[in-house]
Amino acid sequence: MAMSLAKRLGRPPREVAAAIVARLDVADLCAPPEIAGPGFINLRLRNEWLIERLSAAVGDPRLGVARLPGRGLS
């Protein structure tokens, strides 16, 4: 996203990536984001977040997939 946005803005991709990272609020979801290469943003999910989601899915017969409205299938 940062690289295509940088092209549209006429700014260096790493600069745009840094601006995006500075405004991200993902501390509850992942480790601090890292900028790599020409402007890629790497996100690493927190183990605790993954464990919470997987634990909830294991106990759910639909594995966390919501039922579509108007569908009679179980």
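Which residue forms a salt bridge with E15, and how far apart are the closest N and O atoms? The partner is R11, and the closest N and O atoms lie 2.7 Å apart. The model is predicted. E15 is partly exposed, at 39% relative accessibility. R11 is partly exposed as well, with a relative accessible area of 34%.

The overall fold was examined next. The secondary structure consists of three helices and two strands. Read from the N terminus, the order of elements is α-α-β-β-α. The radius of gyration is 18 Å, whereas a compact globule of 74 residues would have a value near 11 Å. Along the principal axes, the C-alpha atoms fill a box of roughly 50 × 30 × 20 Å. Buried residues account for 14% of the 74 residues. Among contacts with a separation of 6 or more, 17% join residues 24 or more positions apart. The exposed area of the protein is about 5,900 Å². Carbon and sulfur atoms supply 61% of that area.

The interior was then considered. The largest nonpolar core has five residues: A2, A6, V16, A17 and I20. Two elements, α1 (2-9) and α2 (13-23), each give two or more residues to this core. Helix α2 provides the largest share, three residues. One core member, A6, touches R11, P12, P13 and V16, with residues up to four places away in sequence not counted. Two of these contacts recur elsewhere in the account: V16 is itself part of the core, and R11 is the salt-bridge partner of E15.

The structure holds four salt bridges. Besides the R11 pair, these include one between E34 and R44. Here the closest N and O atoms are 2.9 Å apart. The pair links distant parts of the chain, its residues being ten apart. E34 lies in strand β1 (residues 34-36). R44 lies in the loop between β2 (40-42) and α3. Is this pair buried or exposed, or does it fall in between? E34 is partly exposed, because its relative accessible area of 39% falls between the 20% and 50% limits. R44 is also partly exposed, with a relative accessible area of 46%.

A further salt bridge joins the side chains of E48 and R46, with an N to O distance of 3.4 Å. E48 has a relative accessible area of 45% and is partly exposed. R46 is partly exposed too, at 26%.

The surface also carries nonpolar area. L45, L50 and L54 make a nonpolar surface patch of about 260 Å². L50 sits in helix α3, which spans residues 47-58. The relative accessible area of L50 is 32%, so this residue is partly exposed. Patch members need over 30% relative accessible area, and therefore L50 qualifies on this count with its 32%.

Taken together, the model combines a five-residue nonpolar core with a chain in which 14% of the residues are buried. The radius of gyration of 18 Å contrasts with the value near 11 Å for a compact globule of 74 residues.

Technical notes:
Residues are numbered from 1 along each chain as its sequence is written. This is a predicted model: local features need pLDDT of at least 70, side-chain atom pairs count only at pLDDT 80 or more; totals for chains, interfaces and linings use all residues. Side-chain values use heavy atoms; hydrogens and water are left out. A nonpolar core is a set of buried Ala, Val, Leu, Ile, Met, Phe, Trp, Tyr and Cys residues joined through side-chain atoms within 4.5 Å. Buried means under 20% relative accessible area, exposed over 50%, partly exposed in between (1.4 Å probe, protein chains only). Helices (H or I, at least four residues) and strands (E, at least two) are DSSP runs, numbered from the N terminus. Contact means heavy atoms within 4.5 Å. Patches are made of residues with over 30% relative accessible area and no salt bridge: like charges are joined within 9 Å, nonpolar side chains (Val, Leu, Ile, Met, Phe, Trp, Tyr) within 5 Å. Accessible areas come from the Shrake-Rupley method with a 1.4 Å probe; for residues, only the protein chains shown count as cover. The radius of gyration is taken over C-alpha atoms; the globule rule is 2.2 Å times the number of residues to the power 0.38.
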